[in-house]
Amino acid sequence: MMVDAMAKALADRSCLELEDMICRLTAQAERVERTLEEAKRDRESLLRDLHVARQALASRKRTAKEPAVSSHALLRYVERVLGIDVKALERTLLSQEVKEAIHAGATRVTVNGVSLVVKDNVIVTVVD
């Protein structure tokens with residue numbers, strides 16, 4: 001083994017030489033330890049920077065999409081800004097005649113020339 005080889009190599013050294021070697025090896029080990037600690041700090045700093053950079057990229061990708069308006073926002077605009085009673089429109093679309101057709105299993109109901117498309121008992125769109 002290596003320890004045995006080292007022990008044989010040092011067998012003919014004097015105490016003074018061995019003490020000097022121990023001092024040098026201790027100093028060298030301390031330098032290596034400091035280098036390792038510094039490398040660990042550098043690694044932690046790099047990992048923090050990497051995390052921040054990844055977050056910034058993810059944020060930019062999220063906001064890079066083209067701006068859009070949700071259906072909910074459109075509905076609220078129609079109600080609040082244009083002053084249209086959406087509940088009254090809903091009652092108009094869901095008249096008794098339409099309800100009966102939906103209960104009978106219709107998937108499309110035409111009223112006054114306008115077709116209401118039905119899926120799972122819900123009017124999902126209107127086509128003319």
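**Exercise 1. Find the salt bridge of R24 and place it in its helix.**

Solution. Start with the partner. R24 pairs with D20 in a salt bridge, and their closest N and O atoms lie 2.6 Å apart. The rule asks for a side-chain nitrogen of Lys or Arg within 4 Å of a carboxyl oxygen of Asp or Glu. This is a predicted model: local features need pLDDT of at least 70, side-chain atom pairs count only at pLDDT 80 or more, and totals for chains, interfaces and linings use all residues. Residues are numbered from 1 along each chain as its sequence is written, and side-chain values use heavy atoms, with hydrogens and water left out.

Next, the helix. R24 and D20 are four residues apart in helix α2 (residues 15–63), so about one helical turn separates them. Helices here are DSSP runs (H or I, at least four residues), strands are runs of E of at least two, and both are numbered from the N terminus.

Last, exposure. R24 is partly exposed at 47% relative accessibility. D20 is partly exposed too, at 41%. The classes are buried (under 20% relative accessible area), exposed (over 50%) and partly exposed in between, with a 1.4 Å probe and protein chains only.

**Exercise 2. List the other salt bridges and give their spacing in sequence.**

Solution. The count comes to three salt bridges. Side chains of opposite charge can pair when their charged atoms come close.

- R76 bonds to E79, with closest N and O atoms 2.6 Å apart. Both residues sit in helix α3, three residues apart, about one turn of the helix. R76 has a relative accessible area of 24% and is partly exposed. E79, at 26%, is also partly exposed.
- K87 meets E90 through their side chains, at 3.7 Å from N to O. The two are three residues apart in helix α4, which means a separation of about one helical turn. E90 counts as partly exposed, at 41% relative accessibility.

**Exercise 3. Describe the largest pocket: its volume, its lining and the elements that supply it.**

Solution. Take the volume first. The largest pocket holds about 380 Å³ of space. Of its 13 lining residues, L75, V86, L89, E90 and L93 are the closest to its centre. Rolling a probe the size of a water molecule over the atoms shows where empty space is left.

The search runs on a 1 Å grid over the protein atoms alone. A pocket is an open set of points where a 1.4 Å probe fits, with protein on both sides within 12 Å along at least five of seven lines; lining residues have an atom within 4 Å of a point. Volume is the space filled by probe spheres set on the points, which are joined across faces, edges and corners.

Now the elements. At least two lining residues come from each of α3, α4 (86–93) and β3 (122–127). Helix α4 gives the most, with five residues.

Then the chemistry. The lining divides into 10 nonpolar residues, one polar and two charged. Nonpolar covers Ala, Val, Leu, Ile, Met, Phe, Trp, Tyr, Cys and Pro; charged covers Asp, Glu, Lys and Arg; the others, Gly among them, are polar.

Return to E90. Its place is in helix α4. E90 and I123 are 33 residues apart in sequence, and their C-alpha atoms are 9.9 Å apart in space.

**Exercise 4. Identify the nonpolar surface patch that includes Y77.**

Solution. The members are Y77, V81, L82, I84 and L89. Together they have about 480 Å² of accessible area. Areas follow the Shrake-Rupley method with a 1.4 Å probe, and for residues only the protein chains shown count as cover. Members of such a patch need over 30% relative accessible area and no salt bridge, with nonpolar side chains (Val, Leu, Ile, Met, Phe, Trp, Tyr) joined within 5 Å.

Check Y77. This residue lies in helix α3 (residues 71–80). Y77 is partly exposed, with a relative accessible area of 46%.

**Exercise 5. Locate N112 and N121, and give their phi values.**

Solution. Phi of N112 is near 55°, positive in a residue other than glycine. N112 lies in the loop between β1 (108–111) and β2 (114–119). At 78% relative accessibility, N112 is exposed.

Phi of N121 is near 65°, again a positive value in a residue other than glycine. N121 lies in the loop between β2 and β3. N121 is exposed, at 56% relative accessibility.

**Exercise 6. Is V118 buried or exposed, and how many residues separate V118 from A7?**

Solution. V118 belongs to strand β2. With a relative accessible area of 8%, V118 is buried. V118 and A7 are 111 residues apart in sequence and 91 Å apart in space, C-alpha to C-alpha.

Conventions
Patches are made of residues with over 30% relative accessible area and no salt bridge: like charges are joined within 9 Å, nonpolar side chains (Val, Leu, Ile, Met, Phe, Trp, Tyr) within 5 Å.
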